[in-house]
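Thank you all for coming; I would like to walk through one structure with you this morning. Please take a moment to look at it on the screen before I begin.

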Amino acid sequence: MEKFVVQSQASVDSLEQSVKGIADQVSASLKEVHVDLESMETRRRRDKQALQDNIQSVQSRLGSALEAAEGTLRGLEHISSVVSMALQGERMSVAMDVQDFVDRKTTPYVGIRETARATKSWEARNKEGLDPTMLGRLMYEPKQVSFQGSNFE
């Protein structure tokens with residue numbers, strides 16, 4: 001029986017060493033997994049921070065681009081209003097030029113003076129012509145200019 005106890009004791013010792021070896025292997029594997037998890041967690045945090053930084057950078061550039069676009073739009077609107085006012089002025093100028101042309105075309109340059117009409121020489125004038133001394137330069141009196149439905153002096 002002693003032999004059985006010795007064999008059992010040897011088997012138990014062998015099993016204890018085997019269990020201890022497996023426990024050491026499991027412990028080493030667990031430490032390795034733990035280190036890998038910590039490494040992955042660190043990498044994940046670094047990647048997350050880099051992504052947030054990139055998103056913030058893109059948002060900043062987008063904000064700058066929008067501000068620049070708004071500034072450009074305001075500039076173009078201002079240029080548009082300046083060009084519109086210049087065109088409006090040109091239209092007014094053309095309307096005045098047309099009215100001036102029409103007025104000058106219908107207004108004679110020379111006519112009988114008002115003072116000559118009041119004298120007796122007007123009554124006794126020669127029927128075959130006019131006395132050149134009764135002629136005088138007529139004053140140009142422009143009429144109102146009509147522009148876009150409104151009359152201007």
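**A salt-bridge network and its helix**

Let me start with three charged residues, Glu-41, Arg-44 and Arg-45, which are linked in a network of salt bridges. Please keep in mind throughout that what you see is a predicted model.

How is this network put together? The side chains of Arg-44 and Glu-41 meet in a salt bridge, at 2.7 Å from N to O, and the side chains of Arg-45 and Glu-41 meet in another, at 3.2 Å from N to O. Arg-44 and Glu-41 both lie in helix α1, three residues apart, which is about one turn of the helix, while Arg-45 and Glu-41 are four residues apart in helix α1 and are likewise separated by about one helical turn. The general point behind this spacing is that an α-helix has 3.6 residues a turn, so residues three or four places apart point the same way.

It is also worth asking how exposed these residues are. Glu-41 is partly exposed, with a relative accessible area of 29%, and Arg-44 counts as partly exposed too, at 44%. Arg-45, however, is exposed, because its relative accessible area is 55% and the cut-off for that word is over 50%.

Further along the helix there is another pair, and by the rule used here the count of salt bridges comes to three. The side chains of Arg-104 and Asp-100 meet at 3.2 Å, N to O, and both residues lie in helix α1, four residues apart, again about one turn. Arg-104 counts as partly exposed at 37% relative accessibility, and Asp-100 counts as partly exposed at 29%.

Now let us step back to the chain as a whole. The secondary structure comes to three helices and four strands, and from the N terminus on the elements run α-β-α-α-β-β-β. Buried residues make up 7% of the 153 residues in the protein chain, and the chain exposes about 13600 Å², of which carbon and sulfur atoms supply 59%. Among contacts between residues at least 6 apart in sequence, 60% join residues at least 24 apart.

Why do we say that the span of α1 agrees with what is expected of a helix? At 1.5 Å a residue, the 105 residues of α1 should span 156 Å, and its end C-alpha atoms are 152 Å apart, which agrees.

Which residues of α1 are buried? They are Ala-95, Gln-99 and Asp-103, and the buried residues of this helix pack against β3, residues 145-147. Let us look at Asp-103 more carefully. Asp-103 has its place in helix α1, residues 2-106, and it counts as buried because its relative accessibility is 1%, where the cut-off is under 20%. Leaving aside residues up to four places away in sequence, Asp-103 touches Tyr-140, Pro-142 and Lys-143.

For contrast, let me end with an aspartate outside the helices. Asp-131 lies in the loop between α3 (120-123) and β2 (135-137), and Asp-131 is partly exposed, with a relative accessible area of 37%. Asp-131 and Ile-112 are 19 residues apart in sequence and 9.5 Å apart in space, taken from C-alpha to C-alpha.

Conventions: Residues are numbered from 1 along each chain as its sequence is written. This is a predicted model: local features need pLDDT of at least 70, side-chain atom pairs count only at pLDDT 80 or more; totals for chains, interfaces and linings use all residues. Side-chain values use heavy atoms; hydrogens and water are left out. Helices (H or I, at least four residues) and strands (E, at least two) are DSSP runs, numbered from the N terminus. Buried means under 20% relative accessible area, exposed over 50%, partly exposed in between (1.4 Å probe, protein chains only). Contact means heavy atoms within 4.5 Å. Accessible areas come from the Shrake-Rupley method with a 1.4 Å probe; for residues, only the protein chains shown count as cover. The expected span of a helix is 1.5 Å times one less than its number of residues. A salt bridge is a side-chain nitrogen of Lys or Arg within 4 Å of a carboxyl oxygen of Asp or Glu.
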